[in-house]
Amino acid sequence: AGAILGATAVGALKVAQNLMGVLHILFLGLGNIVPVRAARHFHGGGGKALWGYLKRVTALGEAATGAVAAVAAIAPGFWLGLVYGDQYSGYGYLLRWYAVIYLVSFAQLPLLSGLRALEHTRKIFWAYLWVAFFSIIAVYPLIESYKLAGAAVGLLSARLVFVGILFYGLRQSLSGLPRS
């Protein structure tokens, strides 16, 4: 985005990301708890127990993420102006995009935790590889055609691809387990 749109565009993307970045406290905290508990659920009760735990984590985490995202998305220009000054208040639409991006991003945590609990990390590698491939192909046309909105669409699309591949991989891994 910076090479095509310039430093101001990168700054606008970054300030929107920074406001949503408060969610990293939640993401990082749960990133230390969920994988360990996912492994315990799997080893204690099998795939069904793991899946149930991951569904609960997803529901609670998405609710918390959604609450923060909703507050940010309701008056994005206000929040950007309050924190960064009036020069960024016109970029409120980017904060709305980031609210959605962070909702999708949270879904990564339980999916990654489930695959790690199953020790199916190869699927995680492939998900990262596909996202990199998608990004290389999509980034230039999106930004060139749609400017900052294209950058936001690209970020969201990459997250959706990643989460989709992880979800498919986890479901595939769980379906291959013996029934208990």
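1. Let's start with a side chain that looks back along its own helix: a polar atom of the serine 113 side chain sits 2.8 Å from the backbone oxygen of leucine 109. Keep in mind that this is a predicted model. Serine 113 belongs to helix α6, which covers residues 108-117.

2. Is serine 113 buried or exposed? Its relative accessibility is 1%, so serine 113 counts as buried, the cut-off being under 20%. If you skip the neighbours within four places in sequence, the residues in contact with serine 113 are Val34, Pro35, Ala38 and Leu54.

3. The rest of α6 is worth a look too. Of its 10 residues, 9 are buried, which means the helix is largely enclosed by the rest of the structure. Besides Ser113, the buried set includes Gln108, Leu109, Pro110 and Leu111, and also Leu112, Gly114, Leu115 and Ala117.

4. What do those buried residues pack against? Their partners are α3 (23-74), α5 (92-106) and α7 (121-175).

5. Just past the end of α6, check the backbone at glutamate 119: phi is positive there, at about 60°.

6. Now over to α7, the helix that holds isoleucine 136. With a relative accessibility of 66%, isoleucine 136 counts as exposed, because the cut-off for that is over 50%.

7. Isoleucine 136 is also part of a nonpolar surface patch of about 780 Å². The other contributors to this patch are Phe125, Trp126, Leu129, Trp130, Phe133 and Ile137.

Methods:
Residues numbered from 1 in each chain as written. Predicted model: local features only at pLDDT ≥ 70, side-chain atom pairs only at ≥ 80, totals over all residues. Heavy atoms only, no water. Helix = DSSP H or I, 4+ residues; strand = E, 2+ residues; numbered from the N terminus. Buried < 20%, exposed > 50% of the residue type's maximum accessible area, 1.4 Å probe, protein only. Polar contact = N/O pair within 3.5 Å; in protein donor to acceptor, adjacent residues only side chain to side chain. Contact = heavy atoms within 4.5 Å. Patch = residues over 30% accessible without salt bridge, like charges linked within 9 Å, V, L, I, M, F, W, Y side chains within 5 Å. Areas by Shrake-Rupley, 256 points an atom, 1.4 Å probe, with all protein chains shown as cover. Salt bridge = Lys/Arg side-chain N within 4 Å of Asp/Glu carboxyl O.
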